[in-house]
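I opened this model to see what surrounds its ligand. After that I went through some loops and helices.

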Amino acid sequence: MSKEDRKVIAAALAAFILAGLSGVFFRWGMNGGWLAGLSLGNIRHAHSHLMYFSWAVPSLFVLLIPNDLIVRRCAWAAWLTGLLAWPLFLFYGYTAGTFGPVTMPPAVAISGLVMLIWYGFVWRWIQLRKPDPLAWAAVIFLVASSIGAWGISAVAPLGLKNPVWVESFKHMFLSYFTEGWLTLGCLALLVRRFPLPPSRLFSIALALLGAGVATAFLFAMPSNILSPAIQWYARLAAVLSGVGLGWIAVGLWKQSSGWWRLPVGALLTKSFALVVLGPWPTIWWADHHQDRILFLHLLLLGIVSSTILLMALADDHRVARPFFSASIVLILMLIPVSTVWVFPSVMALWMPAIGLFSVLPVLAAVPVCMRLLRT
Ligand code: HEM
């Protein structure tokens, strides 16, 4: 990886630190701390959008297409726009503000701009025509997720009154982005690092995964707006993508070693959750906020963030060991407040502890950021 690409990832990691601090601030507020008049919802939006826009997206851009000036420019533009969006989400969330003669939701407007920058990367990807099926699938899901986002803004002008439309577009956007773009993008990077022998089974696994991810967004919607038949279909989609993901992850596990087993192990855990908890009749994780947070952070810290750092640091990962350990601790700490926890509730005791431990990955990211800047 070139020095210029590493600088992008260092800047993205600085955004991770700011976004992580916003997450710590959220936990502080949740435990009764002073929030300076800001709403918890807005802090959560500021955290999640900065993590996505300025940490995950620019890093994946330069890792999927390294050493390319156009891609680097797209990555810097995405990073900067994400940073500009952070205070807007913090102060306005999705609501409108008045700026001179104009009244509009500023954070929503800037998010539209972010997606136009993504299209710059997609255009470059198409131009280069890389023979990489997993990365192609990731890029297709990036475009599909942006269509979901445009769909949300089209619901009102099209007069679609049933709330299922907004929910479908919203979850299409979120699921295609996380389960499609981010997961498949990281899987593509891991398979580049640990090539799996081409086989018919690999193609079948990829097809199952793609088909599952394409419809798994239904599983992220509240169950009360879906008919029982659609719910079972969504569960089937979860199982399909879990089987496809699991098959590829087992292949990666056999080839990898050391800290590379962190994202691969998290992939295996995710596929296990999809296959076993997907069809579990009493579990519908979109209905339980803490389940969603656990499942999201298993993916975003355990798979996405660790894959980005492992790729960026090449083969000397020592400086990132505290970060990896802190991420594992934070993910494990989210289990006792989820419905996966079958023992007596420890919520009251545990929430302040999670708040305290949330700061660990943020602190551990600082030396990694310095290293990336120096090398
Ligand atoms: C330093 C590590 C991190 C900390 C301390 C942290 C903290 C938090 C907190 C406190 C919440 C809100 C929880 C709630 O609503 O109960 C949250 C939600 C979320 N975080 Fe993180 N997080 C971290 C890493 C990440 C990463 C790496 C990403 C993405 C790349 C991410 C994306 C999200 C998303 C998408 C949500 C859910 C937003 C929603 O429900 O609207 N987080 N995180």
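I count a residue as near the ligand if its C-beta atom, placed from the backbone, lies within 6 Å of it. I keep in mind that this is a predicted model.

**Ligand shell**

I looked up how many residues surround the ligand. There are 22. The closest are Gly20, Gly23, Ser48, Met51 and Leu300.

Next I asked which helices each supply at least two residues of this shell. They are α1 (3-30), α2 (40-64), α10 (289-312) and α13 (359-374).

Then I sorted the shell by residue type. I found 13 nonpolar residues, seven polar and two charged.

**Two loop residues**

I checked backbone angles in the loops. Asparagine 67 has a positive phi, near 55°, and is not a glycine. I place asparagine 67 in the loop between α2 and α3 (69-92).

Is asparagine 67 buried or exposed? A residue is exposed if 12 or fewer other C-beta atoms lie within 10 Å of its own. Asparagine 67 has 11 such neighbours, so it counts as exposed.

Arginine 129 also came up. Its phi is positive, about 45°, although arginine 129 is not a glycine. I find arginine 129 in the loop between α4 (106-128) and α5 (133-155). Arginine 129 counts as exposed because it has 8 C-beta neighbours inside 10 Å.

**Helix α11**

I turned to α11, which runs over residues 321-333 and has 13 residues. From first C-alpha to last, α11 reaches 18 Å, close to the 18 Å expected at 1.5 Å a residue.

Which residues of α11 are buried? I list Phe323, Phe324, Ala326, Ser327 and Leu330. Seen down the axis of α11, these buried residues fall within an arc of 165°, so they line one face of the helix. I recall the general rule: an α-helix has 3.6 residues a turn, so residues three or four places apart point the same way.

The face of α11 turned away from the buried side carries Arg321 and Leu332, which are exposed. What do the buried residues of α11 pack against? I noted α9 (261-276), α10, α12 (347-357) and α13.

**Helix α9**

I followed that contact to α9. This helix has 16 residues. Its reach from first C-alpha to last is 22 Å, close to the 22 Å expected at 1.5 Å a residue.

The buried residues of α9 include Leu262, Pro263, Val264 and Lys270. I looked up the packing partners of the buried residues of α9 and found α6 (163-193), α8 (228-255), α10 and α11.

Methods
Residues numbered from 1 in each chain as written. Predicted model: local features only at pLDDT ≥ 70, side-chain atom pairs only at ≥ 80, totals over all residues. Helix = DSSP H or I, 4+ residues; strand = E, 2+ residues; numbered from the N terminus. Nonpolar A, V, L, I, M, F, W, Y, C, P; charged D, E, K, R; others polar. Buried ≥ 20, exposed ≤ 12 C-beta atoms within 10 Å, placed from the backbone. Expected span 1.5 Å × (residues − 1). Arc of directions from axis to C-beta. Contact = placed C-beta atoms within 7 Å.
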